Amino acid sequence: VEVQRENPEAQKERFRAGYVAIIGRPNVGKSTLLNAFLGMKLSIVTEKPQTTRHKILGILTGESYQILFLDTPGMIEPRYHLQEVMVQAIRRALQDADVLLMMIEAREYPLPDDLGLLEELKGYEKPIILVINKIDLIKKDLLLPLIDAYQKAYPFQDIVPISALKRDGVDLLLGIIIKNLPENPPYYPEDYLTDQPERFFVGEIIREKIFMKYGEEIPYSTAVVVEEFREQPGEKDFIRATIVVEKESQKAIIIGKQGQKLKQVGSLAREEIERFLGRPVYLELWVKVREKWRKSPRDVRTFGYGTRP
Ligand SMILES: Nc1nc2c(ncn2[C@@H]2O[C@H](COP(=O)(O)OP(=O)(O)OP(=O)(O)O)[C@@H](O)[C@H]2O)c(=O)[nH]1
Ligand SMILES: [Mg+2]
């Protein structure tokens, strides 16, 4: 009689888990990639830079791995306190991470800004995978010289061209990430998607609609505070949120003629909140002015930025 031995191949396949930070300049497609990995919209996406303001955790659990993706704000030189808090969020993600995804947009040649970011990331001494995004926008023959230039600039763990929007190359990238994860037991139960409560994402969805609907300084001068989020037996959930701007003139623009503009924002936001929560809600929006809140550490904290570890 033969004794059943443990399969040595199975032994090799130990569980892997770790933090993977997605880092890059504003607007390169970091949040789009997070959502593509998760197969759902968790992080807000707009065509404007500096959409993301927090470090956002998205958890992807497979048979033999758990990836804790950290979406981050775009790397910038901060000019006011809110932006300083945004950059702190990036630095915290860099510290937490086991693996870094440095994301750039496909261009003809390395940009000085991108090389500056690379210099900073090197300092963390963690494996870096270079992700070249938006390849759907360029001619294929521009890609090879770009890859070549980056290969000479730094010994990346890997260089992966993708289109986060079209999901092109995303599965390939996922496989490469898994290979670079440390062996660890899972950090979270397998059905966990994130560590933030629903109300956080409700505020984010409202902010996304503001980014989409207004131009100039308005999106950047706006914070959204979810003041109340109440389940009511036999009725729709009740959500009351305040949109904070810096000036009376901005408040007038937000509201629009006879409140039409705010109404549009409200109904767009409500539809998406309902999609996100999977249940109908009642959404009430208010607008308030808080002068220069972005420059005040106290206001920035009160409006939800920079308080989490
Ligand atoms: N054509 C194309 N557009 C993309 C791709 N990935 C993202 N985008 C678009 O680029 C814009 C910015 O995407 P985001 O995911 O918000 O970028 P981000 O890096 O998170 O931006 P910040 O949060 O502002 O730093 C959006 O309009 C996306 O639809 C891509 O692969 N191809
Ligand atoms: Mg983003």
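**Exercise 1.** How do the residues of the lining of the largest pocket divide into nonpolar, polar and charged?

*Solution.* Begin with the pocket itself, which in this predicted model has a volume of about 350 Å³. The lining consists of 25 residues, and those closest to the centre of the pocket are N27, V28, G29, T32 and K134. Sorted by class, the lining of the largest pocket holds 8 nonpolar, 12 polar and 5 charged residues. Turning to secondary structure, the largest share of this lining, 3 residues, is supplied by α2.

**Exercise 2.** Determine what takes up the space of the largest pocket, and describe the shell around that molecule.

*Solution.* The space in question is taken by ligand 1. Around ligand 1 there are 23 residues, of which K30, T32, Q50, T51 and D136 are the closest. By class, this shell is made up of 7 nonpolar, 11 polar and 5 charged residues. Helix α2, which spans residues 30–38, gives the largest share of the shell, namely 3 residues.

**Exercise 3.** Identify polar backbone contacts to oxygen atoms of ligand 1, using a cut-off of 3.5 Å between N or O atoms, and then state how far the protein buries the ligand.

*Solution.* Take the residues in sequence order. For N27, a backbone N or O atom is placed 3.0 Å from an oxygen atom of ligand 1. For T46, the distance from a polar backbone atom to a ligand oxygen is 3.5 Å, and for L165 the corresponding distance is 3.2 Å. As for burial, ligand 1 taken alone exposes 660 Å², and 91% of that area is buried by the protein.

Note on methods: Residues numbered from 1 in each chain as written. Chains lettered and ligands numbered in written order. Predicted model: local features only at pLDDT ≥ 70, side-chain atom pairs only at ≥ 80, totals over all residues. Heavy atoms only, no water. Near = heavy atom within 4 Å. Polar contact = N/O pair within 3.5 Å; in protein donor to acceptor, adjacent residues only side chain to side chain. Areas by Shrake-Rupley, 256 points an atom, 1.4 Å probe, with all protein chains shown as cover. 1 Å grid on protein atoms, 1.4 Å probe; cavity = no way out; pocket = protein on both sides within 12 Å on 5 of 7 lines; lining within 4 Å. Sits in = over half its atoms within 2 Å of the grid points. Helix = DSSP H or I, 4+ residues; strand = E, 2+ residues; numbered from the N terminus. Nonpolar A, V, L, I, M, F, W, Y, C, P; charged D, E, K, R; others polar. Points joined across faces, edges and corners; volume = space filled by probe spheres on them.
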